[in-house]
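Here are my notes on the model you sent. They go from the whole chain to single residues.

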Amino acid sequence: MPDLCAHLKEAGTHAPDTGGCAECNAAGVKPVALRACLTCGHVGCCDSTPGMHATKHFKETGHPVMRSAEPGQSWRWCYIDAQTAQ
């Protein structure tokens with residue numbers, strides 16, 4: 001297994017905003033799965049949802065690491081290095 005990238009090693013633990021994906025909620029769309037930004041707590045939907053708001057958040061802010069905001073899941077994902085960690 002490869003070493004963790006610096007972004008995953010240094011990722012914060014910012015608590016996610018509550019209420020789900022704000023962009024999907026505003027559009028009346030049900031997200032497939034939610035992701036939480038570990039830099040600022042923004043919650044966005046995964047790439048299986050048409051809006052792909054978690055990825056859009058990364059592209060707009062450069063915040064590199066998201067984690068699953070789904071119950072029972074704890075994995076994290078680095079957009080820059082395309083690497084995952086538990």
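**Notes on the predicted model**

1. Surface. The accessible surface of the protein comes to about 5,000 Å². Carbon and sulfur atoms hold 55% of that surface. Please read this, and every value below, as computed from a predicted model.

2. Burial. The protein has 86 residues, and 38% of them are buried. Several of the residues discussed below belong to the buried group: Cys24, Cys78, Thr49 and Thr55. Ile80 is partly exposed.

3. Fold elements. The protein has 3 helices and 5 strands. Their order from the N terminus is α-α-β-β-α-β-β-β. The radius of gyration is 12 Å, close to the 12 Å of the globule rule for 86 residues, so the protein is as compact as a globular protein of that length.

4. Dimensions and contacts. The C-alpha trace spans about 40 × 25 × 20 Å along its principal axes. Take the contacts between residues at least 6 apart in sequence: 47% of these join residues at least 24 apart.

5. Charges. The protein carries 7 positive and 8 negative charges. The mean positions of the two sets lie 4 Å apart.

6. Cysteines. How many disulfides does the count come to? The count is 0. A disulfide needs two cysteine sulfur atoms within 2.5 Å. For Cys24, the closest cysteine sulfur is that of Cys45, at 3.6 Å, so the pair is too far apart for a bond. For Cys78, the closest is in Cys5, at 3.7 Å, which is again too far for a bond. Burial is clear for Cys24, at a relative accessible area of 1%, and for Cys78, at 0%.

7. Thr49. This residue sits in the loop between strand E2 (43–45) and helix H3 (53–61). Is Thr49 buried or exposed? Its relative accessibility is 1%, so Thr49 counts as buried. Leaving out residues up to four places away in sequence, Thr49 touches Cys24, Val29, Lys30, Pro31, Val32 and Ala33. One of these partners, Cys24, is itself buried and appears in the cysteine point above.

8. Thr55. Helix H3 contains Thr55. Thr55 has a relative accessible area of 10%, under the 20% cut-off, so it is buried. Beyond four places in sequence, Thr55 touches Asp47 and Tyr79. Thr55 and Cys45 are 10 residues apart along the chain, and their C-alpha atoms are separated by 8.2 Å. Cys45 is also the residue whose sulfur is closest to that of Cys24.

9. Ile80. The loop between strand E4 (76–78) and strand E5 (83–85) holds Ile80. Its relative accessible area is 46%; buried means under 20% and exposed over 50%, so Ile80 is partly exposed. Which residues does Ile80 touch, not counting those up to four places away in sequence? They are His7, Phe58 and Pro64. Ile80 and His63 are 17 residues apart in sequence, with a C-alpha to C-alpha distance of 9.2 Å.

10. For the text. I would keep three statements together when describing this predicted model. The radius of gyration matches that of a globular protein of this length. The disulfide count is 0. Thr49, in the loop between strand E2 and helix H3, is buried.

Notes. Residues are numbered from 1 along each chain as its sequence is written. This is a predicted model: local features need pLDDT of at least 70, side-chain atom pairs count only at pLDDT 80 or more; totals for chains, interfaces and linings use all residues. Side-chain values use heavy atoms; hydrogens and water are left out. Buried means under 20% relative accessible area, exposed over 50%, partly exposed in between (1.4 Å probe, protein chains only). Helices (H or I, at least four residues) and strands (E, at least two) are DSSP runs, numbered from the N terminus. The radius of gyration is taken over C-alpha atoms; the globule rule is 2.2 Å times the number of residues to the power 0.38. Contact means heavy atoms within 4.5 Å. Accessible areas come from the Shrake-Rupley method with a 1.4 Å probe; for residues, only the protein chains shown count as cover. Lys and Arg count as positive and Asp and Glu as negative; His and the chain ends are not counted. The place of a charge is taken as NZ of Lys, CZ of Arg, CG of Asp or CD of Glu.
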